[in-house]
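Biologist: I'm new to this one, so could you walk me through it? Let me have a look first, and then I'll start asking.

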Amino acid sequence: MNPMENNKDFWMFHGKATGNLDGKWMLFFQNSDINNAWKKARELYDKGCLPGIPLMKCSTAKSNSRASSDAQKVMIFYAGPSHDEEKMKKIGRKLVESMRYKCPGKNFVYFKTNLQTKNGTASTGAKQNHLYKIPVDRIQSYMENDAEPLPMKTSTE
């Protein structure tokens with residue numbers, strides 16, 4: 001089942017929790033992209049291409065009051081121990097590279113601890129909502145491109 005076909009559960013899981021998984025990398029996707037991204041993440045995981053990530057989950061079509069946006073879904077990639085900044089950033093960079101990830105929002109991906117999640121999300125008012133961040137390319141919409149938009153044609157032309 002694809003994430004956007006699942007209205008019953010908040011999350012779909014893949015992998016097995018092992019070790020000290022007290023944090024996670026978060027990759028956000030437009031709703032229209034989440035099914036393919038989840039498939040890709042599972043394939044990479046199964047091939048052993050996501051080192052340091054023993055468990056991941058993906059948000060589904062089920063509405064979630066803790067979500068930052070209804071237009072986007074998130075994939076969570078668990079890792080730890082969170083206090084090892086160098087290791088966590090190495091895992092994050094490999095994740096971004098393997099997924100060929102470009103962010104639909106900001107120019108960063110974020111790592112946060114499970115305690116930070118417990119204390120709230122950006123949508124519930126948390127101000128500092130991450131421990132680490134790494135830069136990534138951003139998806140630009142046609143409105144952000146420097147090029148002039150093509151003229152619109154009407155049915156009378």
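Biologist: Which residues of S3 are buried on one side, and which on the other?
Modeller: Keep in mind that this is a predicted model. Both faces of S3 are covered. One side holds Leu 55, Lys 57 and Ser 59, all buried, and the buried residues on the other side are Met 56 and Cys 58.

Biologist: Why is strand S3 described as largely enclosed by the rest of the structure?
Modeller: Strand S3 covers residues 55-59. To count as buried, a residue needs under 20% relative accessible area. S3 is largely enclosed because the number of its residues that are buried is five of the five.

Biologist: What is the order of the six strands in the open sheet?
Modeller: Let's build it up from pairs. S1 and S3 pair over five bridges in the antiparallel sense, with Phe 13 opposite Lys 57 in S3. S3 and S4 also pair antiparallel, over four bridges, and there Met 56 has Phe 77 in S4 as its bridge partner. Put the whole open sheet together, with its antiparallel pairing, and the order reads S1-S3-S4-S2-S5-S6.

Biologist: Which are the edge strands?
Modeller: Look for strands that pair on one side only. Neighbouring strands in this sheet are turned by 20 degrees against each other on average, direction ignored. The edge strands are S1 and S6, the latter spanning 132-135.

Biologist: How many bridges join strand S2 and strand S4?
Modeller: S2 takes in residues 23-30, and S4 takes in residues 72-79. One place to spot the pairing is Met 26, which stands opposite Ile 76 in S4. The two strands run in the antiparallel sense, and the number of bridges is eight.

Biologist: And zooming out, in what sequence do the elements of the chain run from the N terminus on?
Modeller: There are three helices and six strands to place. Going along from the N terminus, they run β-β-α-β-β-α-β-α-β.

Biologist: Is His 14 buried or exposed?
Modeller: His 14 lies in S1, the strand of residues 11-15. Setting aside neighbours within four places in sequence, His 14 is in contact with several residues, among them Trp 38, Tyr 45 and Pro 54. Its relative accessibility is 19%, and the cut-off is under 20%, so His 14 counts as buried.

Biologist: With which side chain does the side chain of His 14 make a polar contact?
Modeller: The residues in contact with His 14 include Arg 42, Asp 46 and Met 56. The polar contact has a distance of 2.8 Å, and the partner is the side chain of Asp 46.

Biologist: What is the relative accessibility of Val 109?
Modeller: Val 109 sits in strand S5, residues 108-113. Not counting residues up to four places away in sequence, Val 109 touches several others, including Trp 25, Leu 27, Val 96 and Ile 134. Val 109 counts as buried because its relative accessibility is 2%.

Biologist: How far apart are the C-alpha atoms of Val 109 and Phe 28?
Modeller: Along the chain, these two are 81 residues apart. In the model, their C-alpha atoms are separated by 8.4 Å.

Biologist: Which backbone oxygen lies 3.3 Å from a polar atom of the side chain of Ser 98?
Modeller: Ser 98 is in helix H2 and is buried, with a relative accessible area of 14%. Beyond neighbours within four places in sequence, its contacts are Lys 40, Leu 44, Cys 49 and Leu 50. The backbone oxygen in question belongs to Cys 49.

Biologist: Is Arg 100 buried or exposed?
Modeller: Arg 100 is in the loop between H2 and S5. It has a positive phi of about 55 degrees although it is not a glycine. With 72% relative accessibility, Arg 100 counts as exposed.

Biologist: Which peptide bond is cis, with omega near 5 degrees?
Modeller: Head for the loop between S4 and helix H2 (85-99), where Pro 81 sits. The cis bond is the one from Gly 80 to Pro 81.

Biologist: Last one: over which residues is the pLDDT below 50?
Modeller: The chain has a mean pLDDT of 85, with 83% of its residues at 70 or more. The stretch you want has four contacts in the model beyond near neighbours in sequence, and it covers residues 142-157.

Notes: Residues numbered from 1 in each chain as written. Predicted model: local features only at pLDDT ≥ 70, side-chain atom pairs only at ≥ 80, totals over all residues. Heavy atoms only, no water. Buried < 20%, exposed > 50% of the residue type's maximum accessible area, 1.4 Å probe, protein only. Contact = heavy atoms within 4.5 Å. pLDDT = per-residue confidence, 0-100. Polar contact = N/O pair within 3.5 Å; in protein donor to acceptor, adjacent residues only side chain to side chain. Pairing = 2+ DSSP bridges. Axes fitted to C-alpha atoms, helices over the stretch in contact; angles between N-to-C directions.
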